[in-house]
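Reader: I would be grateful for a close look at one part of this model, namely a helix and its surroundings. Please describe how it is placed and then set it in the context of the whole chain.

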Amino acid sequence: MGTVYLENVNVYAYHGCLSEETLIGSDYRVDLWVEADLLPSAASDALEDTVDYVTLCACIKEEMAVPSKLLEHVGKRILDRVFDASALVTSATVRVAKINPPIGGHVAAVAIELTQKR
């Protein structure tokens, strides 16, 4: 087994319960950890034997482009897309963080983290 990491994927998106959030948008950070058997690709040096991180990044960006009220909702959609994109994935964890959320006081970010297994 092994893990493919995509860390600090920066996206500008329109998620939130407040109407202003869906109009103005905000900065987000997405981190994705995907577990799979990486030994075949380590031996073969062939892209078709591994989980393609370019595909994973596309899953993140495409799902982040679809507005959601809750970070949990967009996080679950990202996980579903990852499992659809690669049969090699056995487990995945996603963290979606809203940078500078519109809440009282200075908060650097709020985030959710979800894990899903095949």
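Author: In this predicted model, helix H4 lies across strands S2, S3 and S4. The direction of H4 makes an angle of about 150 degrees with that of S3. H4 itself comprises residues 71-85.

The partner of H4 to consider here is helix H3, residues 53-64. The axes of H3 and H4 come within 9 Å and cross at roughly 145 degrees, and the crossing is right-handed. On the H4 side, the residues that meet H3 are Val74, Arg77, Ile78, Arg81, Val82 and Ala85. Their counterparts in H3 are Thr55, Leu56, Cys59, Ile60, Glu62, Glu63 and Met64. By class, the residues of this contact comprise eight nonpolar, four charged and one polar. Among the nonpolar ones are Leu56 and Ile60 of H3 together with Ile78 and Val82 of H4. The charged ones are Glu62 and Glu63 in H3, with Arg77 and Arg81 in H4, and Thr55 in H3 is the polar one.

H3 is also placed against strands: it lies across S1, S2 and S3, running at about 35 degrees to S1. Strands S2 and S3 therefore appear in the description of either helix, where lying across rests on heavy atoms within 4.5 Å.

The strands beneath this description belong to one open sheet of four, ordered S1-S2-S3-S4 and paired in antiparallel fashion. At its edges are S1 (2-13) and S4 (109-117), each of which pairs on one side only. From one strand to the next, the twist averages 15 degrees. Within the sheet, S2 (residues 26-36) and S3 (residues 89-99) run antiparallel and are joined by nine bridges. One position along S3 can be singled out: serine 91 stands opposite glutamate 35.

As for the whole chain, it contains four helices and four strands, and their order along the sequence is β-α-β-α-α-α-β-β. Of the contacts with a separation of 6 or more, 59% are between residues 24 or more positions apart. The C-alpha atoms fill a box of roughly 50 × 25 × 20 Å along the principal axes. Of the 118 residues, 40% are buried. The exposed area of the chain is about 6700 Å², of which carbon and sulfur atoms supply 56%.

Definitions and conventions:
Residues are numbered from 1 along each chain as its sequence is written. This is a predicted model: local features need pLDDT of at least 70, side-chain atom pairs count only at pLDDT 80 or more; totals for chains, interfaces and linings use all residues. Side-chain values use heavy atoms; hydrogens and water are left out. Axes are lines fitted to C-alpha atoms, for helices over the stretch in contact, and angles run from 0 to 180 degrees between N-to-C directions. Helices (H or I, at least four residues) and strands (E, at least two) are DSSP runs, numbered from the N terminus. A crossing is left-handed if the near helix is turned anticlockwise from the far one by less than a right angle, and right-handed if clockwise. Two strands pair if DSSP finds at least two bridges between them. Buried means under 20% relative accessible area, exposed over 50%, partly exposed in between (1.4 Å probe, protein chains only). Accessible areas come from the Shrake-Rupley method with a 1.4 Å probe; for residues, only the protein chains shown count as cover.
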